[in-house]
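Here is a friendly walk through a protein model, written for someone who would like to find their way around it at the bench. Please have the sequence and the 3D view open side by side.

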Amino acid sequence: MQVSEMSRRALLPIFLYSPSNFGVEKMDDDNNKSWGRSGSIVIGAPSEPYSSGKKIEMFSPMFYAASAVGGAASCGITHTAVTPLDIIKCNMQIDPVKYKSFSSGYKVVLQEQGLRGFFKGWAPTLIGYSAQGAFKYGFYEYFKKYYSDIVGPENAAKYKTLIYLAGSFSSEAIADVALCPMEAVKVRVQTQPGFAKGLSDGLPKLLRTEGVSGLYKGLVPLWGRQIPYTMMKFASFENIVELLYKHAIPTPKEECSKPFQLSVSFAGGYLAGILCAVISHPADNLVSFLNNAKGATVNDAVKNMGLWGLCTRGLPLRIVMVGTLTGLQWGIYDSFKVFVGLPTTGGVAPPAIVPNVVPNN
């Protein structure tokens, strides 16, 4: 194998993917291929081609592009689908006197705005979260591999949760820059009566009244909400799926059918979503408050809502919404990966490779 060809293949951190869909090769000193668990591990293309008959090489530009497309679909579709829940949640956070509970909030929206009121802000939601999902999942796969290469296979396997946390932190920091403008428009459209009908008039009005800075006014609180959420989302999902395959499912992952693997992805995602909702909820309240009140600060939000209110106002509804949302996102993302011939995310990590040590005579 020529050096140029080898450069196009990536070292595979052994804990990142189940070997169910692809082969693991070992390169001997003469660069001859043999199958095994030691030596220099390289990963070839998955064995399942998608409809065009081509294969996607792991960690290639096409792999990251496919991850971005799957991420855009998973986040854009799911967030848009729960727009009615999001509208009630945001209004409960902003005006708890008027929107006392989910049922009363539903009645208020229905009486004042009709059925159309439950879908206000769907366009900025679709565009914003599609962009966020593309950057989030695409860069997560990239940074997970990047940080694993930095620390080496042995440390990457040993400290895999830290790899998940670092990769998700980095990817979400980038993704939120893409999301923030659409999030600002969405919150105003959903919580400020008369502000705008949707994206087409809401975005120009926001730019006229507050300028570009108004689009990124909530970036820091958004980071405060989304980064812990995503770190919990990815790290807990990866570990939950590993525990499910290790302790709750008697059949090895590679022997499970694809529909069953996708059901595990949904279950792991739902459980991870519950944890995400709890840890990120105070920042979610802050984002809604700051985007709704012009000139408001974090101190204003704390004084208005109190620490207990920041942590609990709208939380039960958000647990249901985020749990379902996260489960569906992982289900859609892994479904797309299966469609293009890639393995589903997560699985039982193999034992760490212990290098052979030749004793000194």
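The report below starts with the overall fold, then turns to two bent helices, the salt bridges and a few individual residues.

**Ground rules and overall fold**

This is a predicted model, in which local features need pLDDT of at least 70, side-chain atom pairs count only at pLDDT 80 or more, and totals for chains, interfaces and linings use all residues. Residues are numbered from 1 along each chain as its sequence is written, and side-chain values use heavy atoms, with hydrogens and water left out.

The chain has 12 helices and three strands; these are DSSP runs numbered from the N terminus, with helices (H or I) of at least four residues and strands (E) of at least two. Of its 361 residues, 50% count as buried. Here buried stands for under 20% relative accessible area, exposed for over 50%, and partly exposed for values in between (1.4 Å probe, protein chains only). Among contacts between residues at least 6 apart in sequence, 75% join residues at least 24 apart, a contact being heavy atoms within 4.5 Å.

**Two bent helices**

Helix 8 covers residues 199–215, 17 residues in total, yet its end C-alpha atoms are only 13 Å apart, where a straight helix would reach 24 Å at 1.5 Å a residue. The expected span is 1.5 Å times one less than the number of residues. Helix 8 bends by about 100° at Thr-209, the bend being the angle between axes fitted to the seven residues ending at a position and the seven starting there. Leu-199, Gly-202, Leu-206, Gly-214 and Leu-215 are buried in helix 8, and its buried residues pack against helix 5 (122–151) and helix 7 (160–191).

Helix 10 (residues 258–292) spans 44 Å between its end C-alpha atoms, while a straight helix of 35 residues would span 51 Å at 1.5 Å a residue. Its bend is about 55°, at His-281, and a proline, Pro-282, follows within four residues.

Gln-261 is also found in helix 10. At 1% relative accessibility, Gln-261 counts as buried. The side chain of Gln-261 reaches the backbone oxygen of Lys-253 at 3.1 Å. Leaving out residues up to four places away in sequence, Gln-261 touches Tyr-245, Lys-253, Cys-256 and Thr-344.

**Salt bridges**

A search of the whole structure finds 15 salt bridges, each defined as a side-chain nitrogen of Lys or Arg within 4 Å of a carboxyl oxygen of Asp or Glu. Three of them are listed here.

| Salt bridge | Closest N to O |
|---|---|
| Asp-86 and Lys-89 | 3.6 Å |
| Asp-284 and Lys-89 | 2.9 Å |
| Glu-183 and Arg-225 | 3.3 Å |

Asp-86 and Lys-89 are separated by about one helical turn because they sit three residues apart in helix 3 (residues 83–94). Lys-89 also meets Asp-284 in a salt bridge. That pair links distant parts of the chain, with Asp-284 in helix 10 and Lys-89 in helix 3, 195 residues apart. Asp-284 is buried at a relative accessible area of 3%, and Lys-89 is buried at 2%.

Glu-183 forms its salt bridge with Arg-225. This pair too links distant parts of the chain, Glu-183 being in helix 7 and Arg-225 in helix 9 (residues 219–248), 42 residues apart. Both Glu-183 and Arg-225 are buried. A network of salt bridges links Asp-86, Lys-89, Glu-183, Lys-186, Arg-225, Asp-284 and Arg-318.

**Residues worth a look**

What is the nearest side chain of opposite charge to Arg-313? It is Asp-95, 7.8 Å away, and Arg-313 is buried yet has no salt bridge. For this purpose Lys and Arg count as positive and Asp and Glu as negative, with His and the chain ends not counted. Arg-313 is in the loop between helix 11 (298–312) and helix 12 (315–339). Beyond its neighbours within four places in sequence, Arg-313 is in contact with several residues, among them Met-92, His-281 and Trp-308.

Phe-59 lies in the loop between strand 3 (40–43) and helix 2 (61–81). Phe-59 has a positive phi of about 65° although it is not a glycine. Most residues other than glycine have a negative phi. Phe-59 is buried, with a relative accessible area of 11%.

Conventions:
Polar contact = N/O pair within 3.5 Å; in protein donor to acceptor, adjacent residues only side chain to side chain.
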